[in-house]
Amino acid sequence: MVDLESEVPPLPPRYRFRDLLLGDQGWQNDDRVQIEFYMNENTFKERLKLFFIKNQRSSLRIRLFNFSLKLLSCLLYIIRVLLDDPTQGYAWSPIIWVNRSLPLWGLQVMYNLNILFFLSKGNIWEQILRIPFLLEIINAVPFIITIFWPALRNLFIPVFLNCWLAKHALENMINDLHRAIQRTQSAMFNQVLILISTLLCLIFTCICGIQHLERAGNKLTLFDSLYFCIVTFSTVGFGDVTPKIWPSKLLVVIMICVALVVLPIQFEQLAYLWMERQKSGGNYSRHRAQTEKHVVLCVSSLKIDLLMDFLNEFYAHPRLQDYYVVILCPTEMDAQVRRVLQIPMWSQRVIYLQGSALKDQDLLRAKMDDAEACFILSSRCEVDRTAADHQTILRAWAVKDFAPNCPLYVQILKPENKFHIKFADHVVCEEEFKYAMLALNCICPATSTLITLLVHTSRGQEGQQSPEQWQKMYGRCSGNEVYHINLEESTFFAEYEGKSFTYASFHAHKKFGVCLIGVRREDNKNILLNPGPRYTMSSTDICFYINITKEENSAFKKQEENRKNNESKACYHGPSRLPVHSIIASMGTVAIDLQDTGCRSSSGPTLALPSEGSKGGRRPSIAPVLEVADSSSLQTCDLLSDQSEDEITPSDDETSAGSEYAKGYPPYSPYIGSSPTFCHLLHEKVPFCCLRLDKGCQHNYYEDAKAYGFKNKLIIVAAETAGNGLYNFIVPLRAYYRPKKELNPIVLLLDNPPDMHFLDAICWFPMVYYMVGSIDNLDDLLRCGVTFAANMVVVDKESTMSAEEDYMADAKTIVNVQTLFRLFSSLSIITELTHPANMRFMQFRAKDCYSLALSKLEKKEREKGSNLAFMFRLPFAAGRVFSISMLDTLLYQSFVKDYMISITRLLLGLDTTPGSGFLCSMKITEDDLWIRTYARLYQKLCSSSGDIPIGIYRTESQKLTTSESQISISVEEWEDTKDTKEQINYRSNHRNSTSSDQSDHPLLRRKSMQWARRLSRKVPKHSGKTAEKISQQRMNLYRRSERQELAELVKNRMKHLGLSTAGYDEMNDHQNTLSYILINPSPDTRLELNDVVYLIRPDPLAYVPNTAPSRKNSFCNTVGQDTREETQL
């Protein structure tokens, strides 16, 4: 073994431990060299430079002193002129010599001895060639000479030229001022200052020069010279004062030439800066920011639709009328936005600044640190939406870094990017809301329209001038919004302290017409939607209710209201009902003999029929709403029946299917930030090969939807890619409160194959499949089962969201949906568009008179200033079309109502709070018409199941009887006579909701009417009935032949693909109906057949014993032990 100590050389003495501790002074002195920096600044000249120029504060003082000296020298010149006598002397001597007193000469000498200031400004040879230095020489050197040569003390010296030196000192002083206070001055301010000072210097030089030269001529005074210069420069030229001698005339010519050269240059620079300032927007005043309130809107590109939506929604609230809106946008303002912002209504309140939110300088211009809020919106028209989200994230970070206390309202596009902005006060993720809303549209019709109307600010005045009753009701109910109030301060709810929630909700609706939907405890931030009959109202609770306006804006007429209440109590349950029962029901006393304790059936939410014995004696009764919930009936029957009924007593054919499902939380989430939802899940995840609908594998051999033999109709989603937001479409449709036998199979029709992360997330859900195809291809549609689908959801494609012409971004989607509409008329199609204005093209019928009438109504409402002019379009009213931009108002409204985003997420099922209810629906059947009115339905639901109804989705037929006059009338005449016919049909529909005249013909198209008029001209008028019959047969033949041609096309393709044509019904046409929503209708609204009632149902798990959740969560626990969650970032 080698001796290591002999190989390692010893350390030198300087590195020994003792020397390191004690130090070696000799070694330090030998190796270290002392260096002195900035030696060049120790010279006298550099010190002068440092004091006079480099140091901002000392330089500012010196320049201010110099500026004052120049102004004083000009003032002394004026004093000398006023004290001088121009009559002395002869010939040219008054021009060369002046009378200057000794004290005045001493002051002028003293004020002009500052030439040393220029000697400290660098190289002396560089200063000689500069005009300010030459002017200093002209003014200072003669005075220095007069000190040594007294005979020259009365020599004329052009001291008035110091005004140009004063102008130069002023410009430098302004620059030093802003450098000293660390602020960036406005270029416009500097340019205006230069222009004004240049003009003043020109006029002052001309005045003093003309006055001095005319000492040998007209002997003009300073005032006469001023008068002459103003008249001359203004091009008026009266001619009463003119120069006499040639030097003064020459000076005038020179000054005019100088003015013609200098002033246009200054004006050009000023005009350029003004145009640039108009583009960039200038600054928001610091004084205004501290005295007035303002919000900042940060966008990538400002479109006119986005701007008007924001302004209309923001200023719809009375308390925001005094706010200013500062728009911070990196792009130049386009012509449309500029034209709108010049309107007086907006020009005084909206300020446009061109700049970036990533620059502190631009944020300072917008006074972000003083803003009440900052709205950061994403550009949804970008081709790369992920890149748009990245820009939004950086803007949010920049604003949070610059102004930490400014509330942030952020709009994000993709859910996987949401966790980057968790610090924001309010966040709206577009794809989360979009897919959840489209999913609920499939099980609760027109949920998108319901949410859109709730988050828009309206007074309910739309459609009130329309002759049609449905438009009046629909427009009036659209004014309902969500408001909040403290219970102890409320007139609506104060009397229900200590009562159950359902009792308070029912009686508040019965008495005031308001719909109580949720509460929030004082010590809890979570909002509970319909916490159920077991919840007891407290005085400190915050109540959330739906009404036309908030309680603070309501007036209560007690006498008139009491009279109306007494009348309603006397006839509320019908004339055969005894008054004592009305008293019992209104007081909420426990009446066991009247209470309906029947459970809901397993087929879905329905109402229990009255007993057979009650039909013979009296009209069916409804149990009163109890002040305190009866635990024995509600817990065992109503709250657990929906969840346990399909597990306890399944039918024989459902036993195998029910055993395959379990309830738990999905083990995989495709992105961070998704709210966990209790769902129906499979015991084992499905292999990825089995998720492919159109291709068989080793586990099954099915290649089309028909082969699977689904018991329920399909829900097809046509999308471009399987984004992470699509996960929020599946979760609401597989939520635990949906009965198992009502689960619809979900088929994802994707243009591009999904990635593995998405398949990992959906493989645990039952009956979820995907297929690679497009809605452009009829074969793909037939393979995925479009012929027996309940709903077809067409999602707007990201690749088509941007177009050269903005509104053309929806062209491909609209045409594809129109093709589906023509081929499969019975299919319920739900479409998402980029621009709400394009919804008028959905299910387009060019010759439809009724559509033309609705178009005119929309134009009238828009002229009246309505924010919801498109609401009367039939596809939107029926919930068949939706645009995510209509939800932008949700973010704007959260500035005033900070709870709106939370309530909307609870309604859509994006968030699940323990104890909070969920949105569902029920359909009014013939067995339920005995309830008659919405108020009785409200009482029935509150007393039996604890559900809270919030609105009605109503469908009416649009059918007009055909007559000779109807065929021959024009479009305008049809619109004039439509009112009376609609009223007759409306009354007949109310008398018998189930009646339907099979002989009625559908609404005639305009083209068909014109064809019929041409036919009617060819036959004699005395044969009117024969002509009518023949023309009607020909029109029916025309329509039938077109349908048969389309049906033949579909059937041939189905036969070619080997599919059965049994499920295709080409003659089923639902085009002649209209549907609309009534949000919180009045209590006396009569129920009609096939009405769909929106309900907020209590959380069934809120009252489940502690052992129940452990049984249902056991599946989720076992899955979590065996698998590892993968999340895509």
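Which side chains meet in a salt bridge with an N to O distance of 3.0 Å, one of them being that of Asp947? In this predicted model, the partner of Asp947 is Arg1097, and the two side chains form a salt bridge at 3.0 Å, N to O. Arg1097 belongs to strand 22 (residues 1092–1097), while Asp947 sits in the loop between helix 39 (934–944) and strand 20 (948–957), so the bridge ties together parts that are 150 residues apart in sequence. Arg1097 has a relative accessibility of 5% and Asp947 one of 1%; because buried means under 20%, both ends of this pair count as buried.

The loop that carries Asp947 follows helix 39, and this helix is mostly covered, with eleven of its eleven residues buried. Among the buried residues are Tyr934, Arg936, Tyr938 and Lys940, together with Cys942, Ser943 and Ser944. Just after helix 39, Gly946 adopts a positive phi of about 80 degrees.

The salt bridge count for the model comes to 18. Another of these joins Asp779 and Arg1053, whose side chains meet at 2.7 Å, N to O. This pair also links distant parts of the chain: Asp779 lies in helix 33 (residues 778–783) and Arg1053 in helix 43 (residues 1024–1056), 274 residues apart. Asp779 is buried, with a relative accessible area of 15%. Arg1053 has a relative accessibility of 25% and therefore counts as partly exposed, since that class lies between 20% and 50%.

A salt bridge within a single helix is found between Arg365 and Asp362, at 3.0 Å, N to O. The two residues are three apart in helix 19 (residues 360–365), which means that about one helical turn separates them. Both Arg365 and Asp362 are buried. Elsewhere, salt bridges join Lys418, Glu432, Arg905 and Asp911 into a network.

Aromatic side chains give a second set of contacts. A search of the whole structure finds 36 aromatic pairs. In one of them, Phe375 and Tyr409 have ring centres 4.9 Å apart and planes at 25 degrees; the pair counts as stacked because the planes are under 30 degrees apart. Phe375 is in strand 4 (residues 373–376) and Tyr409 in strand 5 (residues 408–412), so that this pair links distant parts of the chain, 34 residues apart. Phe375 and Tyr409 are both buried.

Phe375 and Tyr409 also belong to a cluster linked by ring pairs, whose other members are Phe310, Phe314, Tyr315, Tyr323, Trp346, Tyr892 and Phe895. One member of the cluster, Tyr315, has Arg349 over its face, at 4.0 Å from the ring centre. A further case of a charge over a ring is Lys897, whose charged end sits over Tyr483, 4.2 Å from the centre of that ring.

Confidence varies along the chain. The mean pLDDT of the protein is 76, and 71% of its residues reach 70 or more. Over residues 566–604 the pLDDT is below 50, although this stretch has 77 contacts in the model beyond near neighbours in sequence. Residues 632–657 likewise have a pLDDT below 50, with 47 contacts beyond near neighbours in sequence. Where pLDDT is low, predicted coordinates should not be read in detail.

Terms used: Residues numbered from 1 in each chain as written. Heavy atoms only, no water. Salt bridge = Lys/Arg side-chain N within 4 Å of Asp/Glu carboxyl O. Helix = DSSP H or I, 4+ residues; strand = E, 2+ residues; numbered from the N terminus. Buried < 20%, exposed > 50% of the residue type's maximum accessible area, 1.4 Å probe, protein only. Phe/Tyr/Trp six-rings, centres within 6.5 Å; stacked < 30°, edge-to-face > 60°. Lys NZ or Arg CZ within 6 Å of the ring centre and 35° of its normal. pLDDT = per-residue confidence, 0-100. Contact = heavy atoms within 4.5 Å.
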